[in-house]
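Me: I have a model open on my screen and would like to talk it through with you. Could we go over it question by question?

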Amino acid sequence: MKYNNLALNILQENNVELTTNAFISPIRISEIIKNYGITLKADRTFESVSGMYIPSINGIYIFVNANYHYNHMRFSMAHELAHHVLGHTSYISVENSTHTIEVEANKMAASILMPTIVMDELAERKLDIYGMAQWLRVSPWAAAIRCHALGLSVQSATNYLEQHRKQPKDKEIKYISHSNTFFST
């Protein structure tokens with residue numbers, strides 16, 4: 001609940017109209033980051049780092065790995081913004097980290113990119129997990145976990161999670177691997 005309310009405030013402060021009537025999600029995470037006065041950079045030199053949040057005396061920076069799928073980069077942007085909003089100090093996000101601040105940042109990122117009100121509307125429209133993910137511009141994995149966390153009855157989400165939790169780690173789809181722990185309990 002804490003993350004949902006904070007995310008809603010962020011979206012309202014940035015004049016994001018939470019409607020599912022648009023062709024795609026109206027949440028422009030890069031614009032929200034810029035509105036915070038944060039410099040956003042995409043870089044291809046990273047290997048296993050999804051993103052970095054770096055507050056410095058020269059400004060605040062968010063770097064995301066440009067080698068990843070666009071939807072993964074969007075989640076990484078929201079994740080790094082979450083570090084800023086939640087008051088975390090400089091931190092490098094490593095793939096599949098279960099560190100407490102990483103889990104917090106993932107929950108916050110999910111709340112920003114997939115607000116409860118929007119998820120409820122998409123579920124009411126009977127979109128499957130792939131349709132939801134496409135509209136939200138997130139991975140099916142992220143959308144499925146968010147549905148599960150919100151208790152939404154989206155059958156394809158449950159099936160997706162069951163199928164992909166059994167998938168061997170070396171066969172994981174790279175652009176969704178960053179989201180693997182964002183609702184760890």
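Me: How many residues lie between β2 and β3 in their hairpin?
Reply: Happy to help, and do keep in mind that this is a predicted model, where local features need pLDDT of at least 70 and side-chain atom pairs count only at pLDDT 80 or more, while totals for chains, interfaces and linings use all residues. Residues are numbered from 1 along each chain as its sequence is written, and side-chain values use heavy atoms, with hydrogens and water left out. Strands (E, at least two residues) and helices (H or I, at least four) are DSSP runs numbered from the N terminus. Between β2 and β3, the hairpin leaves two residues.

Me: In which sense do β2 and β3 pair, parallel or antiparallel?
Reply: Two strands pair if DSSP finds at least two bridges between them. Strand β2 (residues 49-56) has six bridges to β3. Along them, M52 stands opposite F63, and P55 has I60 as its bridge partner. The sense of the β2 and β3 pairing is antiparallel.

Me: Which residue of β3 stands opposite A42?
Reply: Strand β1 (residues 38-43) pairs with β3 (residues 59-65) in the parallel sense, over six bridges. Opposite A42 in β3 stands V64.

Me: How far apart are the end C-alpha atoms of helix α3?
Reply: The expected span is 1.5 Å times one less than the number of residues. Helix α3 (residues 70-85) has 16 residues, so it should span 22 Å, and the model agrees. Its end C-alpha atoms are apart by 22 Å.

Me: How many of the 16 residues of α3 are buried?
Reply: Buried means under 20% relative accessible area, exposed means over 50%, and partly exposed is in between (1.4 Å probe, protein chains only). Helix α3 is largely enclosed by the rest of the structure, because the buried residues number 13 of the 16.

Me: What phi does G87 take?
Reply: G87 comes just after α3. Its phi is positive, at about 80°.

Me: Which residue shares a side-chain polar contact with E121?
Reply: E121 is in helix α5 (residues 116-124) and is partly exposed, with a relative accessible area of 27%. Leaving aside residues up to four places away in sequence, E121 touches L18 and T20 (a contact means heavy atoms within 4.5 Å). A polar contact is a pair of N or O atoms within 3.5 Å; within protein, one must be able to donate a hydrogen and the other to accept it, and residues adjacent in sequence count only if both atoms are side-chain atoms. At 2.7 Å, the side chain joined to that of E121 is the one of T20.

Me: How far apart in space are E121 and T19?
Reply: In sequence, E121 and T19 are 102 residues apart. C-alpha to C-alpha, their distance in space is 8.5 Å.

Me: Which element has the lowest mean pLDDT?
Reply: pLDDT is the predictor's confidence in each residue, from 0 to 100. The protein chain has a mean of 82, and helix α2 (residues 29-35) has the highest mean among its elements, 97. Where pLDDT is low, the predicted coordinates should not be read in detail. The lowest mean, 54, belongs to strand β4.
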